[in-house]
Each structure stands twice: as structure tokens, then as C-alpha cells.
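Let's take a walk through this one together. Have the viewer open and follow along.

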Amino acid sequence: MTSLGATLYAFPRRALIFVIELYRTWVSPMRMPTCRFEPTCSTYAVEALAKRGFVYGSLLSIWRLLKCGPWHKPGYDPVPERRPRRRDRDTQTSHTNGATGDGGQAMSDRGQ
């Protein structure tokens with residue numbers, strides 16, 4: 001059952017990537033190259049969907065398309081990397097805070 005769930009979960013992302021690939025194969029070659037960014041908007045959208053999932057990848061792609069105008073500076077605009085999760089950041093800071101060797105007194109003295 002988990003295989004079916006994983007397939008259903010990935011279906012919207014794969015369907016949207018398929019539509020983008022159709023655009024890149026059939027529509028894009030007939031148009032003049034006008035993309036102001038590197039990577040192109042369609043490449044960015046496929047990469048965002050693959051790296052970040054359907055919802056956030058779609059939002060990143062729409063945001064990128066909204067930047068495609070004379071009011072935004074052209075150039076290199078990669079898909080942003082994932083930030084560490086809050087849980088992971090808390091674990092890292094607790095390891096660094098626990099290394100003071102004073103039994104946590106430095107943190108409690110700071111507030112008084």
C-alpha cells in the first residue's frame with residue numbers, strides 16, 4: 001500500500017514536469033529564445049519541482065515567471081537550496097551550547 005501512496009503523492013509533480021517537457025519539446029523550439037535568466041524558466045521549473053516537491057516547487061516556478069519582465073534584473077537565478085530544518089538547527093545549537101563546560105551557567109547568568 002505504501003508504494004501506491006508514494007505513486008499518488010508523486011503524480012501531480014510528475015504530471016506537471018511532463019507538461020513542461022511537452023512545452024520544451026514542441027512549443028519552445030518554434031519561438032525566439034527570449035529567456036532573461038540562466039537556467040531558462042522551464043529548466044528552473046523542472047528543477048524546482050524535482051528538488052522541492054509539487055507545492056513549493058510550483059510556487060517557486062510561478063515566482064520566477066513573475067520576475068520575467070523589464071522591472072527585474074536578468075542573470076543567474078538558481079533554485080534555492082533547502083535550509084536545515086528547525087529540528088536540525090536546534091540539535092546543532094544544543095551541541096555547541098553544551099560545549100561551554102560550565103554546566104549551563106553562562107546561559108542562565110546572561111538573563112539576570
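The lining of the largest pocket splits into 12 nonpolar residues, seven polar ones and two charged ones. Keep in mind that you're looking at a predicted model. The space in that largest pocket comes to about 530 Å³. Of its 21 lining residues, Y23, T40, C41, S42 and L65 sit closest to the centre. Which elements give two or more residues to this lining? They are helix 1, helix 2 and helix 3, the last of these spanning 54-66. Helix 3 is the biggest contributor, with five residues.

Now for how those helices are arranged. Two packed helices are described by the angle between their axes and the distance between the axes. Start with helix 1, residues 2-27, and helix 2, residues 41-52: they pack at about 165°, and their axes are 10 Å apart. Angles over 145 degrees count as roughly antiparallel, so helix 1 and helix 2 are roughly antiparallel to each other. Their crossing is left-handed.

If you want to pick out the side of helix 1 that does the touching, select R13, L16, I17, I20, E21, Y23 and R24. Across from them, helix 2 offers S42, T43, A45, V46, L49 and A50. Sorted by class, this contact of helix 1 with helix 2 has eight nonpolar, two polar and three charged residues. Two names here may ring a bell: Y23 and S42 are among the residues closest to the centre of the largest pocket.

Next, go back to the stretch just before helix 2. P39 lies in the loop between strand 1 (37-38) and helix 2. Which two residues does a cis peptide bond join? E38 and P39, with omega at about 0°.

That leaves helix 2 against helix 3. Here the axes come within 7 Å and cross at roughly 160°, which makes helix 2 roughly antiparallel to helix 3. The crossing of helix 2 and helix 3 is right-handed, whereas that of helix 1 and helix 2 is left-handed. On the helix 2 side, C41, Y44, A45, A48, L49 and R52 make the contact. Helix 3 answers with F54, Y56, G57, S58, L60, S61, R64 and L65. By class, the contact of helix 2 with helix 3 counts nine nonpolar, three polar and two charged residues.

One last thing to click on: A45 and L49 in helix 2 meet residues of helix 1 and also residues of helix 3.

Key
Residues numbered from 1 in each chain as written. Predicted model: local features only at pLDDT ≥ 70, side-chain atom pairs only at ≥ 80, totals over all residues. Heavy atoms only, no water. Axes fitted to C-alpha atoms, helices over the stretch in contact; angles between N-to-C directions. Helix = DSSP H or I, 4+ residues; strand = E, 2+ residues; numbered from the N terminus. Parallel < 35°, antiparallel > 145°, perpendicular 65-115°, else oblique. Left-handed = near helix turned anticlockwise from the far one by under 90°. Contact = heavy atoms within 4.5 Å. Nonpolar A, V, L, I, M, F, W, Y, C, P; charged D, E, K, R; others polar. 1 Å grid on protein atoms, 1.4 Å probe; cavity = no way out; pocket = protein on both sides within 12 Å on 5 of 7 lines; lining within 4 Å. Points joined across faces, edges and corners; volume = space filled by probe spheres on them.
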